[in-house]
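Thanks for coming. I will go through one structure today, taking strands and sheets before helices, and I will end on a single loop residue.

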Amino acid sequence: MNVAAGSRLSDVAVEVGLPIRTDCGANGGCGKCSVILRFPDGSETKQLACRTFVDSDLDVTIPQTSLAKRDADVVVQLKTSAAKTIPEPSLSLEQSRRFGAAFDIGTTTLAMELIDRNGFPRIVGVVGRANPQRMFGDDIISRIQKVVDDPTKLPTMQEAVRETTNEMLRKLSAEAGIATVEIDELVVAGNTVMEYLFLGIDPSPLGFVPFTPPISVFPERRAEELGLEMNPNGIVQTLPILGGFVGGDLTAGVLAMEIVNETEPVLLIDIGTNGELVLWTGKELLAAATAAGPAFEGARIEHGTLAVPGAIERVDISSSGDVSVRTIGQRPSIGICGSGLIDAVSELLHRQLMKPNGRFNPETPSKHWKTVNGKPVFLLDGSIYLTQRDVQQLQLAGGAIRAGTELLLQHAGLTVGNLKTLYVAGGFGSFIAPQHARRIGLLPPELPLERIRFCGNTSLAGARRVLIDGQPLNCPIRHLELATFPEFTEVFARSMIFPVGE
């Protein structure tokens, strides 16, 4: 696959959906992301993926011990060279049945990878883009409301994501040296609303109680029907919805992590704008969604940003009160992304600069306290600071995930202690520092770190698996609408309070 020179290996792993272990949040502390690099001259070296940047062609062997869930080592060939000459296209499915694409449609970001299926399947390209539908709202509720208010927005929103999809297909094809018509299958995974908007299905019913999706299983479509720039007779397969707002992305996650093969209870949480959870009790799957909101993606945060070069991704406050930050790409800070926000709040709690209820505690001395518009803010780096409202946004997002976890386990008659493993999915989840996530209650504080596995973009990994293996999900599934639980309001309110003594 082709990657941009300077790309960090752990970032590449997340983009392509490989569930590589980054138990420390990709900061080099756990050593679990060890990989073997093999260069064109035949030399080899062992390094950490989170501390390795690609500056030449190489083969990367990811040992199964560095993967969250895999039975064998994985070898990925990375190239930083220019694209090859594109051959003459073929419209015949019989002649061109060699390439397919896996596509993860996230509320905030899109990720696609190209799979060469001629012989042993291998990833030959990956590309990511911001979801163009963000102009219609930064969360799924906003986008549903846009269609409710003005039905003509539906084709406009579909066209926006279709244009970006085609641009991604063109880019992958060019980099792989093939024609777009040689891509004969596309497997799509996304949350319920994203899949509906991609297919042009009205999501309005999801805006009203009981939030029931009118369609959960989608027939295969021809690429030509959807206006996609691939083989016009190619197949477009959209993964089925588990129920409500629990979409095909979680279906993909269940397949990627093979959780139904476990003999003990496991929980898979996909942390993003729309938080989704699925619990394997050992006998059945229980699925639910929580309206986490876009704080994890940097939205609605005063100086929030996506995880781009210059975004603050790590924050540390020393016992003497000094603040140090790390930015993506070691660039000058331009804002703070989700992982940095979690770090900052965790450290403020740890140093008693914030109370468990989330209120700033300016009584604790620090040279980083400033006043903006008559209100206290906490200075992180340069002109980047944290506001009280930023903390509240994180409380809402984290509280939703925490409440969902508690209610799902409670409904199954289980406790956190019964969990063999907690899988944290989503590209964002791979960069969370687990000790900070536990301190703020985003992940259960009582769950030992060794039972937590960060597994990257399982939506993309699951779509890839369906593309290659055609494996369906055959297991009893029960969808739970948590908001209808009598105790939901009380549990959610309690979950927004940060754990005491962590």
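Let me start with strand 10, residues 235-238, where the side chains alternate. V236 and T238 point to one face and are buried, while I235 and Q237 point to the other face and are not buried. As background, in a regular strand the side chains alternate between the two faces of the sheet. Please keep in mind throughout that this is a predicted model.

What does strand 10 pair with? Strand 8, residues 183-190, pairs with strand 10 in the parallel sense, over four bridges. In that pairing, T238 in strand 10 has V188 opposite. Strand 9, residues 221-222, runs antiparallel to strand 10 and is joined to it by two bridges. There, R222 stands opposite I235. To put the two ends of strand 10 together: T238, opposite V188, is on the buried face, whereas I235, opposite R222, points to the other face.

Next, the six-stranded sheet. It is an open sheet, and its order is 21-20-11-12-13-22, with mixed pairing. Which strands are at the edges? Strand 21, at 452-454, and strand 22, at 477-479, each pair on one side only. From one strand to the next, the twist averages 20 degrees.

Within this sheet, strand 11, residues 266-270, and strand 20, residues 421-425, run parallel and are joined by five bridges. One residue pair to look at is D270 with A425, its bridge partner in strand 20.

A helix also lies on this sheet. Helix 8, residues 388-411, lies across strand 11, strand 12, strand 13 and strand 22. Relative to strand 12, helix 8 runs at about 25 degrees.

Now helix 6, residues 248-257. Is helix 6 buried or exposed? Ten of its ten residues are buried, so helix 6 is largely enclosed by the rest of the structure. The buried residues include D249 as well as L250, V254 and L255. After helix 6 comes E258, which has a positive phi, near 50 degrees.

What packs on helix 6? Two packed helices are described by the angle between their axes and the distance between the axes. For helix 6 and helix 10, residues 458-469, the axes come within 7 Å and cross at roughly 70 degrees. Helix 6 is therefore roughly perpendicular to helix 10. On the helix 6 side, the contact involves D249, A252, G253, L255, A256 and M257. On the helix 10 side, the residues are T458, S459, A461, G462, A463, R465 and V466. By class, that contact has seven nonpolar, four polar and two charged residues.

The other helix pair I want to show is helix 3, residues 140-149, with helix 5, residues 192-199. Their axes are 10 Å apart, and the packing angle is about 40 degrees. At that angle, helix 3 is oblique to helix 5. The crossing is left-handed. I140, R143 and I144 of helix 3 make the contact with V193, M194 and L197 of helix 5. By class, there are five nonpolar residues, one charged residue and no polar ones.

Last, the loop residue. H368 is in the loop between helix 7, at 338-350, and strand 17, at 369-372. Its relative accessibility is 11%, so H368 counts as buried. What surrounds H368? Leaving aside neighbours within four places in sequence, H368 is in contact with G321, D322 and V323, and also with V377, F378 and L379.

That is the end of my tour.

Key. Residues numbered from 1 in each chain as written. Predicted model: local features only at pLDDT ≥ 70, side-chain atom pairs only at ≥ 80, totals over all residues. Heavy atoms only, no water. Axes fitted to C-alpha atoms, helices over the stretch in contact; angles between N-to-C directions. Parallel < 35°, antiparallel > 145°, perpendicular 65-115°, else oblique. Left-handed = near helix turned anticlockwise from the far one by under 90°. Contact = heavy atoms within 4.5 Å. Nonpolar A, V, L, I, M, F, W, Y, C, P; charged D, E, K, R; others polar. Pairing = 2+ DSSP bridges. Buried < 20%, exposed > 50% of the residue type's maximum accessible area, 1.4 Å probe, protein only.
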